[in-house]
Structure formats: C-alpha cells, structure tokens
Amino acid sequence: MQTDEPNLNPYKDDLPLRANTNHMLVKHYVLDLEVHFDRKSISGNIVLFLEPGKGALTERSDNDDNTKPSDQAAEMKESDLRLYSSSSEEQTNLQPQPHQFCLSKSAESQTAGKVLQDYDDDQQVEEHNAAVSSWGEEGASKDFTLVLDCCDLTVSKVEEVDVSSVSGMRMMLKNNSEQQLPQVEGLSDSFTPVDRLLGMPPTRWQEQHDLYLQCSTAPCPGMAAPISFHTDSWSLQLRKQGVASPHDFPRVLRIWYETQAKGASVRWTSTQDGRCCVYTMGSPINNRALFPCQEPPVAMSTWQATVTAPRECTVLLSGENQAVPVQDDSGVSRWTYYVTMPMPASTFTLAVGLWQEARMKPLTGLHVLTESKNSAEASSSGCGSLQKVDLSANQRPQSTPTPTLNDPEEDTCSTGIDCQEKVNLSAHHHGSQPTPTSTFIDPEKDACCSGKDHLERVELTAHHGSQPTLTDPDRGTCSHVAFPCRFTQDQAWREAVIPHRVFSPASLLQQVEAKMLPMLPACLAAAHSVLGVHPFSHLDILIVPSGFSSLGMASPHIAFLSQSVLAGPQDLCGSRLCHEIAHAWFGLAIGARDWTEEWISEGFATYLEDVLWAKAQKLARGEEEDQLHLRAVLRWRRLHDELQNSEQELQILRPHKESTGVVSESGASTVKHGLNPEKPFMQVHYLKGYFLLKFLAGFVGHDQFLGFLRLFVRSYHGQLVLSQDFLQMLLDHFPDMKRRGLSLQGIYADWLDAPGIPKWLWEESSAWQQTPLVAEVQQEVTKWIHFIRGGHRQGAKRKRGDPALKVNFKEMGPEQIVLLLEFLLEEEKMSGGALQVLEKTYNLRMQDAEVKHRWCELVVKHKYAAAYRDVEDFLIHDQAMGVYLYGELMVHEDSRQQALARRCFQATREHMDPSALSVVSDMIL
C-alpha cells in the first residue's frame with residue numbers, strides 16, 4: 001500500500017530517517033537477490049533478525065503485568081529441548097577467512113526444497129490483500145509498528161519465520177541448555193531462541209552464520225496471524241494484529257520485494273566498454289531503495305548476501321570474503337558474501353558488471369615511488385617516476401637490522417628512522433601467481449616492532465618534535481560490541497599490505513595495470529605505518545562508469561574510483577588511493593553517530609591523504625612539508641571560493657549544534673540538507689574539517705598528532721562517535737592545549753557551529769604563500785603575466801630576438817601547474833596565442849584531471865575555440881569533476897559555448913548521477 005507525502009520535497013528538504021531503532025533493532029540481514037538487466041531491477045527477499053531496542057526495554061519494565069511471552073519463545077521452551085540429542089562443536093577459528101563460509105547440509109536441503117515463492121495460489125493472494133486492508137482497521141493503531149527505511153521498492157509480501165522448524169536451532173539450544181547467558185536488563189529470565197542465536201560468541205561466527213542461513217529459508221509458523229504492511233514515500237511499516245509490544249513482535253521476518261528502475265540507491269548504466277552494469281552509487285538516500293533497512297548509523301548490523309547474476313558478470317560486494325561464484329546450467333552464477341563486523345546498513349555496497357581483474361606482472365622487487373612530483377626536475381609532463389627497485393638483502397645498509405615479521409622469536413625493534421619491514425606480498429592478488437617476497441623500506445617510519453609482540457601502544461608527550469614511544473598494550477582494550485576484531489590479532493598487526501585486487505572494464509585494464517596496481521602496495525603500507533592495523537582484511541578497488549559523480553567512494557573491503565584518476569601523472573591517482581584507504585579507519589571503522597558531522601569522515605581522510613601519499617612516495621621531511629604547504633594553499637583557495645558562492649547554512653560542519661546526535665523517542669531523525677542536490681558537490685566538510693585538524697596539530701606537533709590519531713583509533717574502532725568524543729579526548733590527552741586557551745566550546749564556536757572562515761585560517765594562509773613550492777609558482781606567474789601583457793598581445797608584431805620569445809618557463813609538478821592556472825584565471829584577458837603557448841609548455845592535454853579542469857576553465861573564459869574539443873572531452877570523460885563547468889559555458893551567453901554544453905549534456909545525461917543531472921539540468925534547461 002503506497003501513499004505520497006506532499007509535505008516532503010525529495011530535492012530540497014532534509015533526509016528523513018524513519019526507522020524506530022529505539023524500539024527494535026535489526027541485528028542481522030540475510031539477502032537472497034537476483035539481478036535482472038533486462039528490466040533494470042533486483043528482486044528477491046531479505047530476512048531480518050530483530051532485537052528489542054533500549055526504548056522497548058523501558059516500555060517493558062513499565063508494563064510488565066501486561067506483557068506475554070512471544071510465540072516463538074512459547075513454542076521452544078528449554079524443557080522441550082531435552083527431546084533432541086544432537087551435538088555441535090564450537091568453532092575455534094576467530095578470524096573469518098576467505099572461502100570458509102559454506103552452506104550446511106541441512107541448509108542445502110532446505111534450499112533445494114524451498115517453497116517460499118511469491119504468491120503461488122489464490123489463497124495467498126487473499127491473505128495478502130487481507131493483511132494490507134487491515135492496516136487502517138479499528139484497534140490496529142494499538143499494535144506495535146516496526147518502521148523500516150524504504151523508498152521506491154515494490155513490496156509484495158511480509159511473513160514471519162518459524163525458527164522452531166530449523167533443526168540446527170534445536171541442536172544449538174539443546175547444546176547450550178545448561179549454559180548461563182548474561183542477564184539483560186529489562187528482559188525476563190527466559191531467553192528466546194533468537195536471543196541465543198544473536199548472543200553467540202564471536203568464536204562461533206561460522207556456526208552462527210550457518211544458523212542464520214538455515215533460518216532464512218524456514219517456513220512461516222502454522223496458523224500465525226499475517227504481518228500487515230504499509231509503505232509511504234520514505235518507509236515500510238509492519239504490524240502483527242494483537243501485538244502491542246516490541247518484545248512480543250516476531251523476531252525474524254522475511255520481506256519479498258523488487259527494486260524499481262527509478263530507485264536512487266543503485267545506478268543502472270553502462271561500462272566504458274558499453275556493457276550493462278549496476279552499482280550502488282553512494283546516493284543521498286543510501287540503500288533504502290535497494291533493500292528495506294534501518295538507515296540510522298546506530299543500527300549497526302552484520303549481513304550475509306547471495307546475489308544471482310548472469311554468468312559472464314563479476315559480482316563485487318563489501319564483504320569480508322573474496323567470493324567464488326557457483327554456476328548452474330541456467331546461465332547464471334551465484335556469489336555469496338558476508339560480514340562479521342557490525343556496521344550501518346549504508347555501508348552495504350554492490351557492483352555487478354563485466355569487470356576484469358588487473359594482474360601484476362612478475363617482479364623481482366617492489367615498485368617504489370622515488371621522485372618528488374613538484375620538484376623542478378620533474379619531466380615535462382609533470383610525472384614522477386615509478387622505479388622498480390630490487391631490495392635484496394645484499395643491497396641494504398649493513399648497519400640497519402632487518403626485522404623479519406614471520407619470525408616471532410627475532411624481536412628486533414628500533415625507534416626512529418631507517419626502520420625496514422619485510423612484507424610478504426605473495427597473497428596480494430587473488431587468483432594470480434604468487435609474487436616474490438619483497439621489502440618495503442620506510443625511512444620516515446616512527447617505530448616498528450616485529451615478532452610475537454607486534455601490537456603497539458602510543459604513549460605521547462606534549463613536547464614538540466619528540467617521537468612517540470611504542471610499547472605493547474593490553475590485548476583486551478577493544479570497547480566495541482563483540483565481533484572477530486582484527487585489532488586483537490597479532491597477524492593483522494604484522495600485515496602492512498593486505499590482500500588487494502583491482503577491477504575495471506577491459507578498455508581501462510592496461511592503464512590500471514600500468515599506474516594504479518603498482519602503487520597500491522606502497523599506499524597500503526604507508527597507511528599501516530601511520531595508523532596501525534588495517535581494520536578490514538582485504539581491499540577490492542573498482543573503476544566505475546564515467547557517470548560516477550565523485551573521484552572515489554570507500555566502503556568496507558571495497559572502494560570505487562573514477563576513471564578520472566587514471567589520466568596524466570601519478571599524483572592524483574596516488575593521493576586519491578590514500579584518501580579512500582584512510583576511510584577504512586575514519587568513516588568506516590570509526591563512523592559518525594550523526595550523519596550531519598561529515599567532517600569526521602571526510603576531514604580526517606583529506607588530512608591523512610597528504611600524510612600517507614608523502615610517505616608512499618618516500619619524501620624526505622623537508623619535501624613532505626613543502627608538499628603539505630602547497631596542498632594547503634590549493635585547498636585554502638578552493639574553500640575560500642566555495643564559501644563565497646554557497647549558502648551560509650551549508651557551510652556549518654555541525655548544523656544540529658547542541659542537538660547533534662539527538663533523536664526522537666522512537667529513534668527517528670533527519671539528516672539536515674541531506675536531499676539538497678548541490679550538497680554532494682560541495683567540499684566544505686572536506687576542506688574546513690581538514691583545516692581544523694591542521695589547526696589542532698599545530699598545538700602539539702605533526703608527529704604527536706599522528707600518534708594521537710593512532711591512539712584514538714585504538715580506543716574507538718568499531719564504534720560511532722560525535723565531534724566531542726574526538727575533541728575532548730584530544731584536550732584531555734594534551735592538557736597544555738587547555739592552558740594555551742583552547743576549549744571545546746571555543747572549537748565549536750570558531751570551527752563547527754559557524755559559517756565562514758576562522759581567523760586562524762586567514763592568518764596561516766598568508767604564511768603558506770611564502771613556502772618554496774608556492775614561491776616557485778608565483779615566480780612563474782610573474783613571467784607569464786609579463787608574457788601575456790607585454791610580449792604576447794593579441795595581434796602584436798613580433799621582432800626577431802624579442803625576449804618574450806625566449807622566456808624559460810620552469811618545469812613544474814601537476815599541483816604546481818594547478819596553482820599556476822588558478823592564478824592565470826585571474827587575468828582579465830589572454831590571447832589565443834598565449835593559451836597555445838601555455839598548453840604546449842606544460843603539455844596540458846596529457847596532465848591529470850585537476851590540471852585539465854583548470855585548463856578548460858581558461859578555454860571557456862577566454863573563448864579559445866581551438867581548444868573547445870578539450871572541453872568536450874573533459875565533460876564526457878571526467879564527469880566526476882565537470883558539473884560546474886556547464887555553468888561557466890552557459891553564463892557567458894556565447895551561442896557556441898552554450899551549444900557545446902547542450903551537446904555534452906545530451907551525450908551524457910542518460911548515465912549521469914541523479915544529483916549531477918538535477919544540477920546540470922537547472923543550468924542548461
């Protein structure tokens with residue numbers, strides 16, 4: 001039953017999160033889905049395993065006399081379990097491993113005889129119609145309503161699942177009948193079977209997942225009252241007649257549904273090779289148009305998913321395992337993934353298409369980035385070199401000991417520089433030939449430990465410039481809910497480079513293998529050296545279709561990257577890799593409890609992107625500082641421009657202010673400005689958050705601040721945080737910050753709760769202008785201005801020997817070129833001849849997308865028709881960065897430029913991201 005809500009404009013209002021998570025929480029999802037490219041839909045069912053929330057506990061304690069045991073609990077009393085004598089062994093392997101998850105024989109037989117099809121007779125149709133029509137009947141309002149976030153889904157049936165019919169559940173309960181489970185406040189002494197299933201220890205995760213799967217195919221209880229359901233624009237609401245309390249509501253539900261082609265959670269589009277594909281696109285509405293779920297971040301859950309797709313397709317999910325497809329004779333294959341770490345439903349990620357896996361060519365050593373890209377010695381294309389270095393033992397400095405991580409008895413540890421760490425790369429590429437063991441040398445690394453006790457604790461002092469001291473912490477320091485956590489495993493701490501794969505369309509495979517794949521191990525190792533253990537066991541990277549509206553998007557175990565990062569020199573690709581890798585710690589392992597605080601994810605990833613990329617390149621400390629200053633200037637200019645051209649309301653990092661993290665009695669809330677189509681293209685949360693972290697780091701020193709980030713990760717991984725959690729811990733850890741006048745309220749007032757630019761940033765930006773790489777750019781700008789204004793005026797006659805013809809422009813790296821072009825954009829006039837010389841001097845057509853974007857802006861501003869083809873290519877192939885270039889083409893009211901904009905829009909609109917389509921349509925139409 002679908003109703004509309006005219007009070008909500010899906011393009012202008014805040015995004016509603018309707019799920020009543022305080023009353024009931026989804027703890028686990030089991031999805032069984034099939035992809036239909038012919039009708040652009042995904043169909044199947046999802047099974048929800050539920051647990052009463054905190055609000056339900058309070059309600060139950062207030063109404064104990066009026067409650068009754070649930071039907072399932074009544075059916076499966078522990079005294080009845082004595083009838084069953086089967087036994088099961090406890091799983092001893094704590095850490096999930098690839099390909100270990102399998103279907104039990106009992107689950108296989110249930111699946112083979114599965115009769116849970118969509119309505120297969122008239123009686124079921126009548127039951128469904130009765131369930132829907134009873135929604136508004138008298139007395140129904142007294143029943144408890146489970147609210148799920150849902151949008152653009154066709155729900156056909158909702159049914160209760162009878163877990164008492166699952167033999168595995170009976171065996172599990174019989175084996176546990178004599179065990180004492182911890183008492184939960186507000187619950188009666190008797191636990192339901194589902195309580196026991198949800199409460200299984202993480203050491204038995206495989207057994208637990210097998211039971212989830214068995215339950216997901218179980219039938220409905222006999223003679224059970226139907227589940228009534230109702231959908232509106234933003235939610236799916238469920239009731240069972242006569243059930244007034246969450247505790248009496250069914251604990252396992254199965255929902256049959258199909259996605260709609262217009263649903264904004266997934267994109268039906270084509271690869272760069274013209275083949276059909278579908279992927280989750282990081283939509284503002286998240287996954288509610290992919291499956292009914294609880295969207296609020298507090299609803300952290302685990303999941304299992306089986307996705308059926310055409311046999312030729314590769315199916316990638318944000319799961320812990322690297323799935324191996326099971327094929328059948330009908331021309332389809334089935335891919336099964338799972339996760340054991342509870343995370344918000346928004347992190348579920350799907351991609352189905354004809355992707356190919358990139359393969360690393362056999363090497364005798366590891367590719368190491370060896371050249372600073374912004375140096376004067378860079379090549380004319382601005383590209384730093386990738387050098388294959390054979391780091392064999394006889395080439396290492398004899399004075400530096402080399403700890404071997406595979407030998408726990410050789411406990412060699414040093415603090416400071418020149419610390420070498422042996423990295424086993426043999427398992428990095430699933431399905432490829434093992435590569436030789438190589439050595440990753442990290443001369444900037446603060447410290448390392450090898451051997452049995454590799455876990456590290458950072459003990460920091462506030463003394464500027466001192467190095468963190470690393471010692472072994474207590475193993476039992478995790479503060480999150482129980483799950484198989486990598487932070488507790490020695491092997492995970494030793495794994496500097498986790499297994500990784502890169503997928504792309506066939507047409508981009510050569511670029512991926514030449515550029516991205518070789519630099520990925522260095523980026524992963526850099527992240528490990530700065531932040532510690534990788535929170536996730538492997539990383540897949542997918543080059544998504546050209547309509548993807550950003551440069552990248554990170555999810556657990558998988559990241560999407562735009563094809564725009566592949567062109568030109570390595571800098572954009574490397575820094576974007578580091579940005580998405582950093583999200584594993586900030587944004588995923590540690591998430592924001594209130595989604596309006598995006599800076600907790602994006603500000604940290606932007607700050608760490610620079611640190612990790614500098615370390616991956618092996619920059620000396622002075623080179624690193626110069627690069628950081630150059631990037632700070634570029635971001636300052638970008639932030640300043642954005643704040644001048646945006647609404648003040650959208651400039652605030654903590655828009656809910658003192659109400660941040662506050663939800664309604666039911667748990668429902670809103671994401672402020674979540675549906676504003678321009679918001680995805682704003683960078684204020686990235687940039688202002690990044691500058692706030694630079695501001696805070698300035699109080700304690702660069703190394704000490706990085707050490708604190710590592711400590712914060714150790715304390716809060718697996719949890720959701722607010723700004724105050726990070727800031728208060730920082731102020732407590734460095735008390736000198738308070739003595740110097742810094743306070744939590746002051747940070748709120750200056751940085752988080754107000755629009756505009758803080759005073760510190762105005763002052764500091766002036767100092768960055770004087771740093772070496774920026775000064776080099778300013779010198780070149782002076783040459784170009786002289787060349788443009790004096791020596792290369794439009795129509796000016798040239799004389800042999802004219803000094804303007806002999807200007808020696810300095811070679812620069814891509815980020816310096818970006819800054820140069822931004823300065824030149826301030827020039828009122830540039831002739832076509834000057835633009836031609838500019839393009840040839842820096843080979844602008846062969847540069848990365850950031851450089852080409854500035855070049856296109858110059859072309860449009862000065863109506864340089866000879867380079868309009870460059871603008872057209874950029875708008876078609878670099879859609880992640882070209883949205884506002886449409887506006888520049890239209891605003892000049894030049895018929896040729898406007899025709900160009902409309903031509904590009906028509907060529908790309910079918911595959912545009914919905915937010916980009918909305919923004920560009922407003923500009924053009």
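A residue is taken as buried when its relative accessible area is under 20%. In the predicted model examined here, this criterion places both Tyr607 and Tyr690 in the buried class. The two tyrosines also form an aromatic pair, with 6.5 Å from centre to centre and 50° between the planes, an arrangement that is classed as tilted. Tyr607 belongs to helix α11 and Tyr690 to helix α13 (residues 684-700), and the pair thereby links distant parts of the chain, 83 residues apart.

Neither tyrosine is confined to this one contact, since ring pairs join Tyr607 and Tyr690 with Phe691, Phe695, Phe699, Phe705, Trp751, Trp760 and Trp768 into a cluster. Across the structure, 37 aromatic pairs are found. One of them is formed by Phe586 and Phe604, whose ring centres lie 4.5 Å apart with the planes at 15°; because planes under 30 degrees apart count as stacked, this pair is assigned to that class. Phe586 is located in the loop between α10 (571-582) and β29 (590-592), whereas Phe604 lies in helix α11 (residues 599-616), so the contact ties together parts of the chain that are 18 residues apart in sequence. Both phenylalanines are buried.

Two arginines are positioned over aromatic rings. Arg635 lies over the face of Tyr690, at 4.5 Å from the ring centre, and the charged end of Arg637 sits over the ring of Phe823, 4.6 Å from its centre. Arg635 is, in addition, part of a network of salt bridges in which Glu609, Asp610, Arg631 and Glu815 are also linked. Tyr690 is thus a member of the ring cluster and also a partner of Arg635.

Side chains of opposite charge can pair when their charged atoms come close. With a limit of 4 Å between the side-chain nitrogen and the carboxyl oxygen, the count of salt bridges comes to 39. In the bridge between Arg501 and Asp540, the closest N and O atoms are 2.7 Å apart. Arg501 lies in strand β25 (residues 500-504) and Asp540 in strand β26 (residues 539-543), so this bridge ties together parts that are 39 residues apart in sequence. Both Arg501 and Asp540 are buried.

The salt bridge of Arg845 with Glu839, for which the closest N and O atoms are 3.1 Å apart, brings together residues of unlike accessibility: Arg845 is partly exposed, with a relative accessible area of 38%, whereas Glu839, at 8% relative accessibility, counts as buried. The side chains of Glu872 and Arg903 likewise meet in a salt bridge, at 3.5 Å from N to O. This pair links distant parts of the chain, with Glu872 in helix α23 (residues 868-877) and Arg903 in helix α25 (residues 895-908), 31 residues apart. Arg903 is partly exposed, its relative accessible area being 43%.

A disulfide is a covalent bond between the sulfur atoms of two cysteines, and a search of the whole structure finds zero such bonds. For Cys485, the closest cysteine sulfur is that of Cys478, at 3.9 Å, which is too far for a bond because the two sulfur atoms would have to lie within 2.5 Å. Cys523 is also in no disulfide, with the nearest cysteine sulfur, that of Cys578, 3.7 Å away. Cys485 counts as buried at 3% relative accessibility, and Cys523 is buried with a relative accessible area of 0%.

How values were computed: Residues are numbered from 1 along each chain as its sequence is written. This is a predicted model: local features need pLDDT of at least 70, side-chain atom pairs count only at pLDDT 80 or more; totals for chains, interfaces and linings use all residues. Side-chain values use heavy atoms; hydrogens and water are left out. Rings of Phe, Tyr and Trp (its six-membered ring) pair if their centres lie within 6.5 Å; planes under 30 degrees apart count as stacked, over 60 as edge-to-face and the rest as tilted. Helices (H or I, at least four residues) and strands (E, at least two) are DSSP runs, numbered from the N terminus. Buried means under 20% relative accessible area, exposed over 50%, partly exposed in between (1.4 Å probe, protein chains only). A charge sits over a ring if NZ of Lys or CZ of Arg is within 6 Å of the ring centre and within 35 degrees of the ring normal.
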